[in-house]
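Let's take a walk through this fold, starting with the whole chain and ending at a patch on its surface.

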Amino acid sequence: MDPMKLGQMAMQGLPMTDEVAAAAKKKRLEAGQETTDLSQAQDLYQPSEAAASLGRPKVDQFLEDIRADLEAMDKNSETFLPDATSALISRAFGHEFGEEFTTDPGYSQMEAVLARQLLSNPEYRDTVEAFISKLTQAHESVGSLIEPVEGEGSKDEEEEES
C-alpha cells in the first residue's frame, strides 16, 4: 500500500492494522526511506529547561514506572500494544506535568487521540513498538546481569570454598 494512502487513512480515522503497518514498513525499506538516523528526525523531544535541570533521576523513575506497568499487562493480549501505548503516554505526561494533570476531565480524550495517532502512523507505530519491546526485553534480562553482593557469593562459589 502506498505510504501516502496510509497517511490519508490515518487522517480519516480509519484503523491501522498490523498488516497495513507491516506492508508500509516493507515499502519504506524497499524505497530506502526507512532509517534510524536521528539526525534526520524532525520531531525529537527536546526537554524544557525545567525538565533538563532535574537530571536523570526523573527519567529513571519514568522508565521504572512504565516497566512496572508493562510487566503487569498480558503481552499476548490483542490489546497489548494500544494499552501499552496509553500507559506510556499517561506515564510520560504524569512524570512531566504531575499526576494531577492526568486527572483533568479532558485528559482521557487527549490520551486516546495521541495513542490513535501514534499507532496509525507507521513510522511512529514502529518506534513505539521498538521502545516497548526494548523495555520489556531489558527488564526480563536484567536478572542475569545482577552480580552477587560481596559476601553473598553464588552457590558455585560456596561449593568451591567448601
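Of the 162 residues in the protein chain, 23% count as buried, meaning under 20% relative accessible area, with exposed being over 50% and partly exposed in between (1.4 Å probe, protein chains only). Keep in mind that this is a predicted model, where local features need pLDDT of at least 70, side-chain atom pairs count only at pLDDT 80 or more, and totals for chains, interfaces and linings use all residues. Residues are numbered from 1 along each chain as its sequence is written, and side-chain values use heavy atoms, leaving out hydrogens and water.

The protein chain has eight helices and zero strands; helices (H or I, at least four residues) and strands (E, at least two) are DSSP runs, numbered from the N terminus.

Now zoom in on H5. Its 18 residues reach 25 Å from first C-alpha to last, close to the expected 26 Å, which is 1.5 Å times one less than the number of residues. Among the buried residues of H5 are Phe-80, Ala-84, Leu-88 and His-95. After H5 comes Gly-98, with a positive phi near 100 degrees.

Further on, Phe-101 sits in the loop between helix H5 (80–97) and helix H6 (107–120). Why does Phe-101 count as partly exposed? Because its relative accessibility is 31%.

Phe-101 also joins Phe-97, Met-110 and Leu-114 in a nonpolar surface patch, with about 330 Å² of accessible area together. Such areas come from the Shrake-Rupley method with a 1.4 Å probe; for residues, only the protein chains shown count as cover. Patch residues have over 30% relative accessible area and no salt bridge (a side-chain nitrogen of Lys or Arg within 4 Å of a carboxyl oxygen of Asp or Glu); like charges are joined within 9 Å, nonpolar side chains (Val, Leu, Ile, Met, Phe, Trp, Tyr) within 5 Å.
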